[in-house]
Amino acid sequence: MKNSAEVVIIGGGISGCSTAYNLAKKGVKNIVVLEKNYICSGSTGRCGAGVRMQWGTEMNCKIAKKSIEFYEHANEILEYDRDVEFKQSGYLLIADNEKEIEQFKKNIVVQHECGIPSSLLTPEEAKKIVPYLNTDMLKGAAYCSKDGFLNPFKTTDAFYRAAKRLGVKFNTFTEVTGIIKEKGRVTGVETNKGVIHTNIVVNATNAYSKSICDMIGLGIPVYSERHQILVTEPVEPMQEPMVMSFGLNLYVQQSPEGSFIMGRGDNSEPRDLRITSSWHFAEEMAKTIDAVLPPISKLRVVRQWAGLYNMTPDKQPIYDKAENVEGFYLAVGFSGHGFMFGPITGVAMSEMILGEKPTVDVSMLNLDRFRTGNLILEPSVV
Ligand SMILES: Cc1cc2nc3c(=O)[nH]c(=O)nc-3n(C[C@H](O)[C@H](O)[C@H](O)COP(=O)(O)OP(=O)(O)OC[C@H]3O[C@@H](n4cnc5c(N)ncnc54)[C@H](O)[C@@H]3O)c2cc1C
């Protein structure tokens, strides 16, 4: 392992790999990524892999639109000789009450201003897109055909390989155990394999972000929360878009192989680092899906797993640097949308580190908002 680096990135998920790639592409030499397990072993490799432009704030619409536009050309841009398997099969956001419909209308105004081709649908129009949808409970839906999903392992692998070709060194099974600071600035990181001297550290550890910040005495208001997901046996094509409900905290998508992948949020989930699965999830998932897409509830479950959301008070990420410790950067707190923001996370962090003009203004995602109370009011978040 190298004993010095210009930049050390902690975390080998989509955020860390995208940041490494963007910095290297801009000519930064001697970048080291430290990952305590293997690449994509964290939340990225456990996620639902959905990407959507349908957000309610201008900033999130812009981040998501730019990220999805990147994903449209990811194979070419990252010179990936495999395939990130991007499918733009759309997102159908369903609403079972008028309040949500009113919110969708407001969101669509913002989305159109950002050039996002979304539209409001009646229950009948929604049923034409997803024929098995139970419209009894439906008041309407919002739809965008540009939304979709892609393979999180292959996408991270594409960033990883592109970064490696540009000279980034990846140290897997290397755990950061401490951060060295002198006179108010970062000077190195301690790992289970030795020390690396550096003046720039990026914390891209998602669920573990708080413990890394604690190493420099920076308190951040985040916690980690378990989220569960399951996959069914494959069946014939039944559903094109991701169906999502903010009210029911549900998402469900049919993969190209025919399996259904579905998850739901639950306030009773533990807020710690547990990633065991529960019967409770399987039971509640079955009830929820039966109410929304009845035939799907008859399918057999093949696998079930869990992963971690890293939550901030407004469920929006932190892209910032520490105020009192020079050289310490954060790309954390992604809740359930860090995969879809991945391309812009790397762009934004590289611009922040290099002092460049931002591609998308992400200054609202600062740490100070939790102190001043300027939280981001994003209505479309799970
Ligand atoms: C069930 C589920 C479904 C989801 N669905 C979606 C979705 O559909 N769309 C979407 O956009 N997002 C989704 N998400 C959220 C998404 O997975 C995350 O926001 C995103 O993957 C975060 O990426 P990351 O690179 O920041 O973190 P991670 O992928 O978690 O990577 C962080 C890495 O840091 C490493 N690390 C931690 N501590 C240390 C240390 N001390 N030293 C070295 N390495 C360390 C970890 O091992 C890990 O590999 C979902 C999440 C879950 C759990």
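**Notebook: sheets, a salt bridge and the ligand shell**

I began with the small sheet, an open one of three strands in the order β9-β10-β11, paired antiparallel. The model is a predicted one. I looked up the edges of this sheet: they are β9, residues 176-182, and β11, residues 194-197, and each of these pairs on one side only. I then took the angle between neighbouring strands here, which averages 25 degrees with direction ignored.

Next I went to the pairing of β10 with β11. β10 covers residues 185-191, and its antiparallel pairing with β11 runs over four bridges. I picked out one bridge, in which Thr191 has Gly194 of β11 as its partner. As a reminder to myself, strands of a sheet pair through backbone hydrogen bonds, in either a parallel or an antiparallel way.

I moved on to the sheet of eight strands. This sheet is also open. I read its order as β5-β6-β4-β14-β15-β16-β13-β17, with mixed pairing. Which strands are at the edges? They are β5, residues 118-121, and β17, each pairing on one side only. From one strand to the next, the twist averages 20 degrees.

At the β5 end I checked the pairing with β6, residues 140-144. It is antiparallel and spans four bridges. Within it, Leu121 has Ala141 of β6 as its bridge partner.

I then turned to charged pairs. How many salt bridges does the structure hold? I noted 19. I followed up the one between Glu225 and Arg271, where the closest N and O atoms are 3.6 Å apart. This pair links distant parts of the chain, with the two positions 46 residues apart in numbering. Glu225 belongs to strand β13, while Arg271 is in the loop between β16 (260-264) and α8 (279-292). Side chains of opposite charge can pair when their charged atoms come close.

Last, I looked at the ligand. I noted 40 residues surrounding the ligand, the closest being Ser15, Glu35, Thr44, Gly50 and Met340. By class, I sorted this shell into 16 nonpolar, 20 polar and four charged residues.

Which elements each supply at least two residues of the shell? I listed α1 (14-25), β13 (223-232) and β17 (301-311). The largest share, three residues, comes from β17. I had already met β17 as an edge strand of the sheet of eight, and β13 as the strand that holds Glu225.

I went through three backbone contacts to the ligand. For Gly42, a backbone N or O atom lies 3.4 Å from a ligand oxygen. For Ser43, a backbone N or O atom lies 2.9 Å from an oxygen of the ligand. For Gly50, the ligand atom is a nitrogen, and a backbone N or O atom of the residue lies 2.9 Å from it. How much of the ligand does the protein bury? Taken alone, the ligand exposes 1,000 Å², and I recorded 97% of that as buried by the protein.

Terms used. Residues numbered from 1 in each chain as written. Predicted model: local features only at pLDDT ≥ 70, side-chain atom pairs only at ≥ 80, totals over all residues. Heavy atoms only, no water. Near = heavy atom within 4 Å. Polar contact = N/O pair within 3.5 Å; in protein donor to acceptor, adjacent residues only side chain to side chain. Areas by Shrake-Rupley, 256 points an atom, 1.4 Å probe, with all protein chains shown as cover. Nonpolar A, V, L, I, M, F, W, Y, C, P; charged D, E, K, R; others polar. Pairing = 2+ DSSP bridges. Axes fitted to C-alpha atoms, helices over the stretch in contact; angles between N-to-C directions. Salt bridge = Lys/Arg side-chain N within 4 Å of Asp/Glu carboxyl O.
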